[in-house]
Amino acid sequence: MVDAITVNIGVTAPYYALENLRVSDDGATAEFVAEQPMDNEVGEIAAAEVGRHLAVLGACALAWSNPKKEKHYYVASSAVLKNVAKEGDAGKGAFSGRAKIVFIDKRYGTISASLMTAHGEPLYELETHYHIMSVPLFAKLFHIKKQEFECNPSNNPYKKQIPLNDVRYSDNTISARLGPLKPEECNGHFCSFPCIPVAILMHSLSRTAGILLSKVIGESGIKYMVVAAEVQAYNFAFAGEVVNMIVTYSGREGSDYVFACKAENNDGKLFGSMLLRLSCSKTA
């Protein structure tokens, strides 16, 4: 039954990296380990990687509840991620995730998910909204982006850091370029239509914001923690497309530093945006 669920969610290994998946009418649970490089982000797992695994887990829950037991694309359109960890609960080794369905119909779905340590201590909460697309609809919408590319589960690009190129500053704004990425750098998301996962794009934006944070504080290599992120996804950034990232420092809210982030192509088409809250840790 689990295998029937995983083949129906659109994403495949290595982007799909859940272990011990269990699904029921109450939702879905699974375990996973951290694999993305952290750069200057503090913790045992990057916040964007939390979003990656929990969003995939949510797709599994939706696929279980979808009366049409066939492949669909569960495309994340927006998400809110919150760090709810208590001090000292960073967690190590395997993490566990739980996703529950808030809403589902033929076209849309919403899940509420949480990430916990191996001891059951909560670390992050995530709410994700999805567009649910049938295979024929997805192929019709994006047929011009189809590429003859065979996913290789043993080739995992998500264990490597994607370089940030052409980094430039202007007042309280930083810009950087991502890609263009090759199809194999989007391995498993999605086969025949390789595109940059939202979680990977947001991780790159967070890293860019981290660089700007060091500039704002006036100290290089500042360590930071993602406190919260509000994400909007508008268009796919397919393999071969250049992604321009622009991050602006918006000021302080309490002890947090707030950044407005966006990713777009050379013509200004918006791929996604994020309101990001960081806290800095000079001693981490």
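## Cysteines, a central strand and a buried glutamate

The sulfur of Cys60 lies 15 Å from the closest cysteine sulfur, that of Cys191, which is too far for a bond. In this predicted model, Cys60 is buried, with a relative accessible area of 0%. Cys280 is likewise in no disulfide, and the nearest cysteine sulfur, in Cys261, is 16 Å away.

A search of the whole structure finds one disulfide. This bond joins Cys151 to Cys191, with an S to S distance of 1.9 Å. The torsion about the S-S bond of Cys151 and Cys191 is about -140°, and the disulfide is therefore left-handed. The pair links distant parts of the chain, 40 residues apart. Cys151 belongs to the loop between helix H3 (135–141) and strand S7 (165–170), whereas Cys191 belongs to the loop between strand S8 (173–178) and helix H4 (198–217).

The accessibility of four cysteines is set out below.

| Residue | Relative accessible area | Class |
|---|---|---|
| Cys60 | 0% | buried |
| Cys151 | 16% | buried |
| Cys191 | 26% | partly exposed |
| Cys280 | 29% | partly exposed |

Strand S5 (residues 108–116) is largely enclosed by the rest of the structure, because seven of its nine residues are buried. S5 pairs with strand S4 (residues 95–104) in the antiparallel sense over eight bridges. Within this pairing, Phe103 stands opposite Thr110 in S5. The two strands S4 and S5 form a hairpin, with three residues between them.

S5 is also joined to strand S6 (residues 122–134), again antiparallel, by nine bridges. Here Ser114 stands opposite Glu125 in S6. S5 and S6 form a hairpin with five residues between them, and Gly120 in the turn has a positive phi of about 85°. In a regular strand, side chains alternate between the two faces of the sheet.

What is the nearest side chain of opposite charge to Glu41? It is Arg207, at 8.3 Å; Glu41 is buried yet has no salt bridge. A salt bridge would require a side-chain nitrogen of Lys or Arg within 4 Å of a carboxyl oxygen of Asp or Glu. Glu41 is located in the loop between strand S2 (27–32) and helix H2 (47–65). The side chain of Glu41 reaches the backbone nitrogen of Ala47 at 2.8 Å. Leaving aside neighbours within four places in sequence, the residues in contact with Glu41 are Ala46, Ala47, Tyr124, His203, Tyr224 and Val226.

Conventions
Residues numbered from 1 in each chain as written. Predicted model: local features only at pLDDT ≥ 70, side-chain atom pairs only at ≥ 80, totals over all residues. Heavy atoms only, no water. Helix = DSSP H or I, 4+ residues; strand = E, 2+ residues; numbered from the N terminus. Buried < 20%, exposed > 50% of the residue type's maximum accessible area, 1.4 Å probe, protein only. Lys, Arg positive; Asp, Glu negative; His and termini not counted. Polar contact = N/O pair within 3.5 Å; in protein donor to acceptor, adjacent residues only side chain to side chain. Contact = heavy atoms within 4.5 Å. Pairing = 2+ DSSP bridges. Disulfide = S-S within 2.5 Å.
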